[in-house]
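Please read the following points with the sequence and the model open beside you. They are written as a colleague's notes, and each can be checked by finding the residues it names.

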Amino acid sequence: MDIIDRLRSKGINRYVNLPQIVVCGDQSSGKSSVLQAISGMSFPTKDSLCTRFATELILRHTDDHAEEKCRVTISPGPDRPDQEKARLEQFQHTEIPDNYNIGVLIDEAKEAMGVGIDRGRTFCKDVLRIELSGPTQPHLTIVDLPGLFRAGNKEQSAQDAAIVQSLVLSYMKNPRSIILAVVSAQSNFALQEVTQHAREIDVRGIRTLGLVTKPDTLDVGSASERDYFDLVQNRDVKFRLGWHVMRNRDFKARDATNEERDQAEVKFFDQGIWAGLPRSQKGAASLRTRLSQVLKDQILDQLPEVLEEIQRGLDDCSNRLEKLGTPRGTLSEQRKYLLNASHKFSDLITKAKDGIYQDKFFGNAREDEGYRKRLRAVVQNTLTDFSHEMRINGQARKVVDTASRSDQRQVSRTDYLREVKDLMTRNRGCELPGTYSPSIIGELFREQCKLWRGLLEDFSRKIFEDVDFIVNAALDYIVDEDTKVKLWGELISNALDRLNRQLRDKVNEVLRPHEDGHPITYNHYLTETVQQIRISRFRTSIMAGLRESRARSELTNLDACLDSIIDHTEADMETLSSSDAVDWMEAYYKVALKQVVDDFSKLAIEACLISNLPALFTPEIVFELTDDAVGRVAAESWETADERKFLTDKMEILSSGMTELQRLRKHHRRLSDIGDEGVDTSEFSSEPEHSYGRSTLDAFAGEPSEEVEKWPSPTESEVFGNPMLGYGRSVGEITPPRVSQICEISEQPVSIIESVEDKVGDDGFLLKFPPKPKGKRGDYIR
């Protein structure tokens, strides 16, 4: 707990949520009386503007001969200017006030913070730290928050209510906070806001401990008293940590001493319905121990997650400081910074285009951002999609045997041949009848490939957007935002525009032969494709003739078969020429399609864009920059210097916290290992002798040996024939101090007689370790 408090005092809670107990409740719910009963100090008992800031109460138990100490300081809020922070940090009081009245110091702190109706500030984010140590104090740290309210008055407005609620909820929403929800028995439970907020934020009730105050205001024997009794027994609103009840000072006893208050509380809880509650659930004395144990368990439970969060914060600071670089006030420092940044940029982009993704910059490939940083993968996949799109949707007209009405681009071959025949007629030259001009093939092809330009431009734009993204991401990773903006305006933007123009020019160059010139290719695939088309069509006509001959039973008559085949052969020479021209066009389209896909991928995307990316920002470019250009790009602004100071301070705080918490984790593991070996570890415990938490007992007990088949739970053992009470109940509640406990060990009852007459504490609990019997480990009696 000391370590956590030390880290909180250094301000680590501004960056990392630390385990803590936050006291929440409505105004006049008795929160101040709770703090007074726990600490022994007198707090203001009226919720007013003095509680418009959080109060951190740090209690530490010392040896019996140590003197009591008090230290009151102010931890300035993050919204304070440096000058005000320095002034508030000078606020320190180390003397115990008269009559232990801490309210005087709270008023002084309120004055220092400038909080008050006449000061124009009714709320602040500063934290008042009250550190108390002494023989009567427990090990405990709690944060008291302003009381919730709805209606305003002359001291607090409705706007103040919203501010207070926002503050309280911000503490309650911290997933590492234990919520001590204070509920006054003087008011209807259903009308108190704190339990509603607690159940909305902590839905499963994992980290909430309920506390009922002012039970003495309930009429004895009334239904309200029975309802609150059931509530404390966790029968109504159920929390994993359960409920507690304590009696507050009333107006008549406002001047009573702490001893008198405690005696009155014990007397009250020994009477009536409350006498049936176990001591662990009632009274200020057991509340101190219970809260201390709860906080300790929360710290140890959350320790791994806190360490992980601190490590993430350190990594973030390190990365951001690396981007900011060292202070650069001189020209040489500025040029050196740019040289280093350009080398990293060029190296990262080279790895991205070559598909080497080992640098942490590339992140997780399963995430969208990590995938987009993998430039080679993005380009490969995009060009694969481009090839598929060109194959499927690159044709302006799809010539098929039977056209579908749903696809407007489909045209039947018969209709298309009729169009081509008409085109030949309109385009007739000096060719002989039955022949056609070669230009017809080019004209048909240009009509078919007119969609190519749109597809190439769309995919060019998409790939350029991916390039723009990774260039931005690389600059974000390497330099700070201010330098990135200047670099972009001075160098990168113009260079990228130049590459984009080169890419567009290359796309035009790739398309020009297909859009303007006549078809040219020396690829043998063209003639082979035409031959295959002709053979396929000739085979189809022959098969049609043979089927017709078979239908007429003329298969044995060769002349009849040949006549049937001839009948299925096109006789019109113009139609035949049109069909031949279409065959040549479709064959040439396939050849040209493959060429365009490869030319676009290799000559445009790779040669003009991707391969030139590492040269956008290189050390050579930095060397050639003028001094004025270097100053414009790399000169450090006051925002950058301020950010470096902030990150340096944050990293120092987080590093200190990491060191402290790692030491705590090692110590805790060492104690756990010792406990597992059955060694008495009570000397390491910071708990008083009467600590009774289950986790504490289990830690001392360790694991049972194989000889012990069953450990008795409190409800299984019997003491003088009476069932042992549930978790947290003391033997003293049902037996005199001298007790005999029967424990099941290896199914053989063994009676252990122990005189505890002088060793039982005020709360009736004893934790004692007898000599360990052979073959057993961790045996204990309570």
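Over the ring of which residue does the charged end of Lys373 sit?

1. The charged end of Lys373 sits over the ring of Phe361, at 4.6 Å from the centre of that ring. Please keep in mind throughout that this is a predicted model. A second arrangement of this kind involves Arg328, which lies over the face of Tyr337, 3.9 Å from the ring centre.

2. Turning to rings that pair with other rings, a search of the whole structure finds 16 aromatic pairs. In one of them, the rings of Phe268 and Phe269 have centres 5.3 Å apart and planes at 65°, and since angles over 60 degrees count as edge-to-face, the pair is described in that way. Phe268 and Phe269 are both buried, and together with Phe229 and Trp274 they form one aromatic cluster.

3. Another pair deserves a separate look, namely that of Phe386 and Phe600, whose rings lie 4.6 Å apart from centre to centre, with 40° between the planes, and which is classed as tilted. Phe386 belongs to helix α12 (residues 375-393) whereas Phe600 belongs to helix α19 (residues 573-609), so the pair ties together parts that are 214 residues apart in sequence. Both Phe386 and Phe600 are buried.

4. The nonpolar interior can be approached through its largest core, which has 76 residues, and in which Trp452 and Leu613 touch the most other members. Helix α19 gives the most to this core, contributing 15 residues. If residues up to four places away in sequence are left out of the count, Leu613 touches Phe345, Ile349, Leu375, Val467, Leu496 and Leu499. Apart from this core lies another one, of 63 residues, which includes Leu57, Leu132, Leu647 and Leu664.

5. A last point concerns a charged residue, Arg80, which is found in the loop between β3 (69-75) and α3 (82-89). Is Arg80 buried or exposed? Its relative accessibility is 7%, and because buried means under 20%, Arg80 counts as buried. The side chain of Arg80 is joined to the side chain of Glu84 by a polar contact of 2.6 Å.

Note on methods. Residues numbered from 1 in each chain as written. Predicted model: local features only at pLDDT ≥ 70, side-chain atom pairs only at ≥ 80, totals over all residues. Heavy atoms only, no water. Phe/Tyr/Trp six-rings, centres within 6.5 Å; stacked < 30°, edge-to-face > 60°. Buried < 20%, exposed > 50% of the residue type's maximum accessible area, 1.4 Å probe, protein only. Helix = DSSP H or I, 4+ residues; strand = E, 2+ residues; numbered from the N terminus. Lys NZ or Arg CZ within 6 Å of the ring centre and 35° of its normal. Polar contact = N/O pair within 3.5 Å; in protein donor to acceptor, adjacent residues only side chain to side chain. Core = buried A, V, L, I, M, F, W, Y, C linked by side-chain atoms within 4.5 Å. Contact = heavy atoms within 4.5 Å.
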